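Work through the exercises below with the sequence and the model side by side. Try each task before reading the solution that follows.

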Amino acid sequence: MSDLSRRKLIRTGLAATAGASGLAVAAKLADRFGLIPPDHGSIYGPGETLTYAAQRLLTRHSMAREFTHSQISKPPFQNGEPFQGDAFKRLQAGGFADWRLRVDGMVARPASFSVAELRSYPSSSQITHLACEEGWSFIAEWTGAPLSHVLNLVGILPQARYVVYFSMEPGWWDSVDMADALHPQTLVTYGMNGATLPVGHGGPLRLRVPRQLGYKNVKYITRLTVTDNLKQFGKGLGSASPESGYAWYAGM
Ligand SMILES: Nc1nc2c(c(=O)[nH]1)N[C@H]1C(S)=C(S)[C@@H](COP(=O)(O)O)O[C@H]1N2
Ligand SMILES: [Mo]
């Protein structure tokens with residue numbers, strides 16, 4: 001059985017055995033172990049909690065599937081037009097030499113990194129699937145600095161629970177829990193298919209979270225904030241996505 005169908009089975013199984021009355025019990029358990037996602041109050045409510053809790057309990061350390069070079073999609077699929085803000089275009093004209101990734105919040109040493117600095121750190125490459133919730137997907141090789149490396153440099157405080165990330169493009173921000181933030185496949189990505197990450201795919205910097213759906217992979221990131229509480233961001237649902245009906249946790 002494929003990894004995906006196995007996970008689906010586990011999820012459906014958990015949901016089925018939970019049943020109507022069991023849902024309350026499951027939610028209580030999830031709460032006790034800190035497994036309630038920030039958007040649990042949405043129309044999906046208990047369903048989101050079950051999905052997130054089941055995934056975290058069963059697949060916390062699992063790896064997104066990796067592919068071979070011959071499986072890379074040609075050409076990759078670019079979703080929409082590249083962002084065209086004035087400040088962005090100015091930075092682009094300068095080869096993104098002045099682009100900064102600011103890291104703040106619950107960290108011992110807030111810092112800001114240039115693309116060149118990020119490139120000087122140990123790099124990691126992976127050939128993984130980017131899947132849009134709208135149905136299309138492609139496989140590409142992504143290269144970047146593991147987010148865990150960047151977080152180690154700034155020193156996350158023990159009470160940290162989430163990393164929130166912001167795009168220069170208005171309206172695009174999201175967050176992941178520490179299991180995904182520290183996961184070895186989560187990268188601050190600056191390269192794709194052996195070249196510089198194209199602007200259409202989020203260059204100069206994009207957060208690549210291969211264990212979650214396309215929309216969690218925010219392009220043009222300029223800031224990361226480490227926090228223990230997502231209530232203070234946007235409508236308090238953990239990202240912009242739940243505000244328009246998409247789950248905060250989009251594991252696959
Ligand atoms: N800043 C920003 N990030 C974004 C988006 C966007 O429009 N703006 N689209 C998201 C969605 S819905 C998907 S499916 C992927 C698409 O990535 P791609 O263009 O590399 O295919 O990027 C995600 N990250
Ligand atoms: Mo998407």
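**Exercise 1. Is Arg-56 buried or exposed, and with which residue does Arg-56 form a salt bridge?**

Solution. Begin with the accessibility: in this predicted model, the relative accessibility of Arg-56 is 4%, and because buried means under 20%, Arg-56 counts as buried. Next, look for the partner of Arg-56, which is Asp-177, the closest N and O atoms of the two being 2.6 Å apart. This distance can be set against the cut-off, since a salt bridge asks for a nitrogen within 4 Å of a carboxyl oxygen. Then place the two residues: Asp-177 lies in strand S6 (residues 173-177) and Arg-56 in helix H2, so the salt bridge ties together parts that are 121 residues apart in sequence. Finally, check the partner in the same manner; Asp-177 has a relative accessible area of 7% and is therefore buried.

**Exercise 2. Find the salt bridge of Asp-180 and Arg-211, and state which residues are joined into one network by salt bridges that share partners.**

Solution. The side chains of Asp-180 and Arg-211 meet with an N to O distance of 2.9 Å. Asp-180 belongs to helix H6, whereas Arg-211 belongs to the loop between S9 and S10, so this pair ties together parts that are 31 residues apart in sequence. For the accessibility, Asp-180 has a relative accessible area of 1% and is buried, and Arg-211, at 6%, counts as buried too. The network then follows: salt bridges with shared partners join Arg-56, Asp-177, Asp-180 and Arg-211.

**Exercise 3. Which parts of the chain are tied together by the salt bridge of Asp-104 and Arg-223, and how many salt bridges are counted?**

Solution. Start from the side chains of Asp-104 and Arg-223, which meet at 3.1 Å, N to O. Because Asp-104 lies in strand S1 and Arg-223 in strand S10, the pair ties together parts that are 119 residues apart in sequence. The accessibility values must be read one at a time: Asp-104, at 12%, counts as buried, while Arg-223, at 24%, counts as partly exposed. The count of salt bridges comes to six.

**Exercise 4. Describe the ring pair of Tyr-52 and Trp-248, and then the ring pair of Phe-88 and Trp-99.**

Solution. A pair of aromatic rings is described by the distance of the centres and the angle of the planes. The structure holds 17 aromatic pairs. In one of them, the rings of Tyr-52 and Trp-248 have centres 5.4 Å apart and planes at 75°, so the pair is edge-to-face. Tyr-52 is in helix H2 and Trp-248 in the segment after S10, 196 residues apart, and the pair thus links distant parts of the chain. Tyr-52 and Trp-248 are both buried. For the second pair, the distance from centre to centre of Phe-88 and Trp-99 is 5.7 Å and the angle between the planes is 85°, again an edge-to-face pair. Here Phe-88 is in helix H3, and Trp-99 is in the loop between H3 and strand S1 (101-105), 11 residues apart. Both of these residues, Phe-88 and Trp-99, are buried. As a last step, follow the ring pairs onward, for they link Phe-83, Phe-88, Phe-96, Trp-99 and Tyr-220 into a cluster.

**Exercise 5. What is the sign of phi in Tyr-220 and in Asn-193, and where does each residue lie?**

Solution. Tyr-220 is a residue other than glycine with a positive phi, near 60°, and Tyr-220 lies in the loop between S9 and strand S10 (221-227). At 1% relative accessibility, Tyr-220 counts as buried. Asn-193, also not a glycine, has a positive phi near 50° and is found in the loop between strand S7 (187-192) and S8. At 31% relative accessibility, Asn-193 counts as partly exposed.

**Exercise 6. Locate the cis peptide bonds before Pro-75 and Pro-204.**

Solution. From Lys-74 to Pro-75 the peptide bond is cis, with omega near -10°, and Pro-75 sits in the loop between helix H2 (46-59) and helix H3 (86-93). Gly-203 and Pro-204 are likewise joined by a cis peptide bond, with omega about 10°, and Pro-204 sits in the loop between strand S8 (195-196) and strand S9 (206-208).

Key. Residues numbered from 1 in each chain as written. Chains lettered and ligands numbered in written order. Predicted model: local features only at pLDDT ≥ 70, side-chain atom pairs only at ≥ 80, totals over all residues. Heavy atoms only, no water. Helix = DSSP H or I, 4+ residues; strand = E, 2+ residues; numbered from the N terminus. Buried < 20%, exposed > 50% of the residue type's maximum accessible area, 1.4 Å probe, protein only. Phe/Tyr/Trp six-rings, centres within 6.5 Å; stacked < 30°, edge-to-face > 60°.
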